[in-house]
2 protein chains.
Amino acid sequence: MARATIKDIALAANVSPMTVSNVLNGRRAKASDETVERIMVAVRELGYRPNMSARSLVSNASRMVGVVIPFTETQNQLLLDNPFYAEMISGIESALRQNGYYMMLSGVGESNAQLDTLSHWNMDGLIVLGVYREGLYQHLRELDLPTLLIDSYIDDAHFHHLRLDDEAAAYAATSHLIARGHTGIALVTGVIRTSGVIERRLAGYKRALSEAGIGFDAARVLSGSVTFDWGAEAADRLTQLPGVTAAFCTADLIAAGLLAGLHRLGRRIPEDYSVMGFDNLPVSRMVYPALTTVDQSILEKGKLAGDLIARVLRKEAAPRESTTDVRIVERDSVLDRRPK
Amino acid sequence: MARATIKDIALAANVSPMTVSNVLNGRRAKASDETVERIMVAVRELGYRPNMSARSLVSNASRMVGVVIPFTETQNQLLLDNPFYAEMISGIESALRQNGYYMMLSGVGESNAQLDTLSHWNMDGLIVLGVYREGLYQHLRELDLPTLLIDSYIDDAHFHHLRLDDEAAAYAATSHLIARGHTGIALVTGVIRTSGVIERRLAGYKRALSEAGIGFDAARVLSGSVTFDWGAEAADRLTQLPGVTAAFCTADLIAAGLLAGLHRLGRRIPEDYSVMGFDNLPVSRMVYPALTTVDQSILEKGKLAGDLIARVLRKEAAPRESTTDVRIVERDSVLDRRPK
DNA sequence: CCATCTCGGTTTAACGTAAAACCAGCATCT
DNA sequence: AGATGCTGGTTTTACGTTAAACCGAGATGG
């Protein structure tokens, strides 16, 4: 026997299909209690499951939100092995679900093909994580859907934004090190793209130095990629730098690599070098020593993103731009050098 | 202007909608090159995007495979923060995409609600990661879809299976420690459910001991959960055990915790305790010292899973049960105690 | 020379659902 | 008494696509 449809229910409950539809979707309270009861019995007995394809076709909506994350650069693979994205997605999914929406995950790499697949499924809205080439944003605009960009500084009224105050966060982290007596502070970071997150963190780093009367030295900015391997490599560079006693890494993944690299070179942490991370990923507790880091409560941010897009989809008032807070988590990777 | 439909294309190319459909889907080569060309031009000019809802409705298929992972126990949240699942999903998605399928991710917790949502969308097949209560499998059977279970020992001809030889893997790991002169070997593991993965690993551990003439001591089996925190806690228990010089953890996450716990207690690794993990997660390289572990190439396994279900959906011959291989990765957390 | 096949399509109908318009019967106002 | 509104529905139509059946013209076969 094929799956029961709304018509089968109608037949069994002796009403019209439209009444079944109305009752099931809680529209216009146009049904007597008795009718509702008959319908519900039929639904249960026939094991009715709504057909979302049909619903989506006729209503031109899907109750699905597409979530876009980058593909890895080398292989065309979801960047889920980056725990940052993984945690964010958990948060998004959770909030969407509680708002009655469903998540459809898609990676995006060089082509827009995957984005198209999303659009073929009639997404109600989109959440886009991370930074992409400009062409993608053009494509997003053309899809003309409610779209929330996370951690992106694209300037366009078409998009909603969720991000943290990267400048202030980097300022806070650098100041944390300065307050503990460090003056030789390196910045270990990913690629500096214009108009991006890292640029702003660099600005915060500079401001903290400048306010403390420490001169900025471009040689102390080590720029690579947001990976463990780059962190490990950066250790070699860091130890060449005279006068440096601390490193602020703009990602925990980089910091973890730096720790490993410094171990390899026989340096002690935090005695020889203090290290700060960024994100407060689970891994920051697992490395040795546990990382002092900037917590940006990724899970909460993801949930907020889900709530925001749900608000937009319900046509409720929602801010065009939202900013989340940041907080420093002290663990064991930073030495207090101040004289007692 | 609304999105162009197949009818608009038909009008513009001066053919019937059916011909457009046939050309676009490469069915029965029933179109002259010239017609194909005209259609393609129209498709490009009108920016046609297929409507999957309509397609799915009429063809009763979706080219989507549902991927089920557990929710966290405490909150109802995707267990994506477990890098094991994250990596597996990357692999699955990649393979599905290459086979022309799309992935729809869903968490499952206490209720079957989320599984129902999947079924409302007309999934073509399912991939189920991890172990659940029996009720879920009953529900899965009722959905009557091609279903691949990963790492599950449910015995039912209705399902396809993909797993590794857990007994042999644990045997290999334990033997690795024995070969390096260890005789006091603890097993630190998650919850031992009947008919589960861990039970088999326990069996492999026992067999290795027995073949080496080492007596099995139940006190040396520390069972908790597959978390960093349990590993950290287990350090206290481990250090109470007389004669123990090594621990085989059935997950890298546990091993990472154990390392942190032993550091806290001032023990050196591997000098005081050798530690082995399982999975070869990225984190196993990041901890200090880097973990010797059992690599189960999760990404490849995920890809294999995607390929397998695609084969089943194409009605090609596909094995009911597949087993993947395992390999030991030597790093710095195991001491060779054999006399030189 | 008639039957059959192939090519390049067309026509018809249907998938399951919901929006919109409609309607009968009764109660209520004025 | 006629207009109006409410209750509890029903009917009609449409969404975009594809499966299945059909068809005319020319080629092929015996």
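Colleague: Of the atoms of DNA strand D within 4 Å of the protein, what share belongs to sugar or phosphate?
Modeller: This is a predicted model, where local features need pLDDT of at least 70, side-chain atom pairs count only at pLDDT 80 or more, and totals for chains, interfaces and linings use all residues. Residues are numbered from 1 along each chain as its sequence is written, chains are lettered from A and ligands numbered from 1 in the order in which they are written, and side-chain values use heavy atoms, leaving out hydrogens and water. Bases make up the rest of those strand D atoms; sugar or phosphate holds 63%.

Colleague: How many residues surround DNA strand D?
Modeller: A residue is near a strand if one of its heavy atoms lies within 4 Å of it. The closest are A:Ser16, A:Lys30, B:Ile6, B:Ser21 and B:Tyr48. By class, the surface has 12 nonpolar, 8 polar and 4 charged residues (nonpolar: Ala, Val, Leu, Ile, Met, Phe, Trp, Tyr, Cys and Pro; charged: Asp, Glu, Lys and Arg; polar: the others, Gly among them). The number surrounding DNA strand D is 24.

Colleague: Which residue has a side-chain N or O atom 2.5 Å from a phosphate oxygen of DNA strand D?
Modeller: B:Ile6 reaches a phosphate oxygen of this strand at 2.5 Å, but with a polar backbone atom. A:Thr19 uses a polar side-chain atom, at 2.6 Å. The side chain at 2.5 Å is that of B:Tyr48.

Colleague: Which element gives the most to the surface near DNA strand D?
Modeller: Helices here are DSSP runs (H or I, at least four residues), numbered from the N terminus. Helix 4 leads with 4 residues, and its chain is chain B.

Colleague: Now DNA strand C: what percentage of its atoms within 4 Å of the protein is sugar and phosphate?
Modeller: Around this strand are 24 residues, with A:Ile6, A:Ser21, A:Tyr48, B:Ser16 and B:Lys30 coming nearest. Sugar and phosphate account for 64%.

Colleague: Which residue puts a backbone N or O atom 2.8 Å from a phosphate oxygen of DNA strand C?
Modeller: A:Ser21 approaches a phosphate oxygen of strand C through a side-chain N or O atom, at 2.5 Å. A:Arg55 has a polar side-chain atom 2.9 Å from one. The backbone atom at 2.8 Å belongs to B:Ser32.

Colleague: How far apart are the C-alpha centres of domain 1 and domain 3 of chain A?
Modeller: Domain bounds come from an automatic or database domain assignment. For chain A it gives domain 1 (6-50), domain 2 (64-164 + 299-324) and domain 3 (166-296). The centres of domains 1 and 3 lie apart by 61 Å.

How values were computed
Polar contact = N/O pair within 3.5 Å; in protein donor to acceptor, adjacent residues only side chain to side chain. Helix = DSSP H or I, 4+ residues; strand = E, 2+ residues; numbered from the N terminus.
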